[in-house]
Amino acid sequence: MKAEELAVLGQHKMAKVFDVILLLALIGFFTVIPHVSRMLYMGDWDFWVDWKDKLWWPIAGPSSALLVTAVGHYLAWYYLRLPLGATFTAVFVLIGAWLSRIFSFYSMEYYPINFIWPATTIPMALALDLILFWSRSYLVTSLIGGFLWGFLFYPVNWLMLMPFLQPVTLFGKTFTIADLMGYYFIRPQTPEYLRRIDEGTLQAFLGQRIWISILMAGIACTFMYWIGIGLGKLLGILPMRKVLRQT
Amino acid sequence: MAATSISASVERQAVQIEEVKHDKTAHGEMPFVRFLVIGGGLGLLSLLLIRLWQGEWWFPVGMDATTPEFATYWLGLLYVEWIVLIAAAIIGFTAYRKPCPTCAVQRKELGRIDPEHELNHIGKLWATVAVAAMFGFGVSYFAEQDAVWHQIVVRDTAFTPSHIPLFFYTFPMLIIMTGVSSWYAYNRLHHLYVGEGGKGIPICYLLFPAGGWFLFANVAFNELGHSSWITEELFVQPYHWPFAWATYFFFAGFALLFKTVPRIFENLGEIAQQASTEAKASS
Ligand SMILES: [Zn+2]
Ligand SMILES: [Zn+2]
């Protein structure tokens, strides 16, 4: 069927209803799948501002967020030729996370929003989709878009994190505002380890520490992009062709 | 006497077949939209009511599982959820148990299914997937809510106010709704997946409900883990990960959906052609 014919058929009332239903299904599944992955792989770092450190959060955060975003990016391109999948996933996972923070963390257990905001991935998702759109190549997208995904995660979110990294002195001790908030809101997830990672040889890298972490994140995300593509192919596309016990 | 009644019934049957062949009742209507609105609306309403119930009774009677109030308010909610689940399962699976009679008549009399009738079946399949997706949304909401519940209460039971909607309502509901999607595809649109007269089970029928099943299966593993080790310091601990892996099976739902896309355009094309020939004939 030619593209013009398809476009004409797409104007049919029924075709438009199909579009709406597909959109609802996409919204539902591309909220739950990335959101569950995100809460179970980077959960604690995403939940609490005092967990947003310089070692684990900039690496575990973007790589786990990319996994399912890359699937959305891939399926949208494969099935619909739309360079919108990553952005769509990033937007709806953030909506899901915000609904949870507002209606569970804040309005049921009264943690202040300042303490529990989720990290965003929308700017990198836009870059990922645009690079695929321009290059039409998964390899180029993984090398440039995947790298930027990891590399930009911390700088993009740093704008929101910055106010909570200001130092305060209380009872003769100096810590960040994020730490102070953590001491006031005692939880089982009060991080014990943050004080530990500020020791060790990583500290010897002085001001370069965050650069090392986000470089590593960029490389990790370059690989993670392919895991996402493989997952999308294995569970989103191959099942379409495979039939058991066909006669 | 007997002969007249037989001939009357034959006549009635002929009229019915004539009606069904041209499917006058369904022309221009989209019954699957009604299914989407009612199914999605009731589902969303149930999630909203649970959330309101939690807001009201989460702190007053939710903190201690050994009290009688807990049994009244929280186990009461659990039993109501189970009744809803059983009702949804019975309605969903019996409604589409038999192949569609209209399709059967059209196949026999016309040798094919009317394009608009088939489009309605495809639309309903898509609607079941969309309704399932909405319960998926409930899964992600109540799962993260569970993370924050464990920040304030020491674990004392598998039936906490956050687990009751998560593990015992949205997980089974996802098994049921994704199962209904596959069941509907099997009983109404099987020819799109295996070819006309073909046999076999496309694996997307199995993989789509497998997501809900693996979610529920990991409840067993998860509760066993929590009964053995204290892991409250870390929500991202390893025996939560299979919950994330389970959700990946829902991608198979898109294989289930997109398999029908070529037929949608074929059918729309035929409807457009029919309309243009009818317009020519009338002018
Ligand atoms: Zn039918
Ligand atoms: Zn729990």
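Chain A has 11 helices and three strands, where helices (H or I, at least four residues) and strands (E, at least two) are DSSP runs numbered from the N terminus. The elements of chain A run, from the N terminus on, α-α-α-α-α-α-α-α-β-β-α-α-α-β. This is a predicted model, in which local features need pLDDT of at least 70, side-chain atom pairs count only at pLDDT 80 or more, and totals for chains, interfaces and linings use all residues. Residues are numbered from 1 along each chain as its sequence is written, chains are lettered from A and ligands numbered from 1 in the order in which they are written, and side-chain values use heavy atoms, with hydrogens and water left out.

## Chain A as a whole

Taken along the principal axes, the C-alpha atoms of chain A fill a box of roughly 75 × 40 × 40 Å. Of the 247 residues in chain A, 53% are buried; buried means under 20% relative accessible area, exposed means over 50%, and partly exposed lies in between (1.4 Å probe, protein chains only). Among the contacts in chain A with a separation of 6 or more, 73% come from residues 24 or more positions apart; a contact means heavy atoms within 4.5 Å.

The surface that chain A exposes amounts to about 11,400 Å², and carbon and sulfur atoms supply 72% of it. Accessible areas come from the Shrake-Rupley method with a 1.4 Å probe, and for residues only the protein chains shown count as cover. Chain A carries 18 positive and 13 negative side chains, and the centres of the two sets lie 9 Å apart. In this count Lys and Arg are positive and Asp and Glu negative, while His and the chain ends are not counted; the place of a charge is NZ of Lys, CZ of Arg, CG of Asp or CD of Glu.

## The nonpolar core

The largest nonpolar core has 135 residues. Such a core is a set of buried Ala, Val, Leu, Ile, Met, Phe, Trp, Tyr and Cys residues joined through side-chain atoms within 4.5 Å. The residues with the most contacts inside this core include A:Phe29, A:Trp48, B:Trp126 and B:Tyr248. Helix α5 (residues 115–149) of chain B gives the most to this core, with 18 residues. Leaving aside its neighbours within four places in sequence, B:Tyr248 touches several residues of chain A, among them A:Ile33, A:Tyr41, A:Leu67 and A:Leu235. In soluble globular proteins, nonpolar side chains tend to be buried together.

## The hairpin and helix α9 of chain A

Strand β1 (residues 167–170) and strand β2 (residues 173–176) of chain A pair in the antiparallel sense over four bridges; two strands pair if DSSP finds at least two bridges between them. A:Pro167 stands opposite A:Thr176 in β2(A), and the bridge partner of A:Thr169 in β2(A) is A:Thr174. The two strands form a hairpin with two residues between them.

Helix α9 of chain A covers residues 177–184, and its buried residues are A:Ala178, A:Leu180, A:Met181 and A:Gly182. These buried residues pack against α6 (113–116), β1 and β2 of chain A.

Two residues of chain A have a positive phi although they are not glycines, as the table shows.

| Residue | Phi | Loop in chain A | Relative accessibility |
|---|---|---|---|
| A:Arg136 | about 55° | between α7 (122–135) and α8 (138–161) | 54%, exposed |
| A:Phe171 | about 50° | between β1 and β2 | 78%, exposed |

## Two positions in chain B

B:Gln54 has its place in helix α2 (residues 31–62) of chain B. B:Gln54 is buried, with a relative accessible area of 0%. Apart from its neighbours within four places in sequence, B:Gln54 is in contact with A:Met108 and with residues of chain B including B:Trp74, B:Phe142 and B:Pro161. B:Gln54 and B:Val236 are 182 residues apart along the chain, and their C-alpha atoms are separated by 25 Å.

B:Ala65 lies in the loop between α2 and α3 (68–95) of chain B. With 25% relative accessibility, B:Ala65 counts as partly exposed. Its contacts, leaving aside neighbours within four places in sequence, are B:Phe70, B:Asp156 and B:Thr157. B:Ala65 and B:Ile176 stand 111 residues apart in sequence and 28 Å apart in space, C-alpha to C-alpha.
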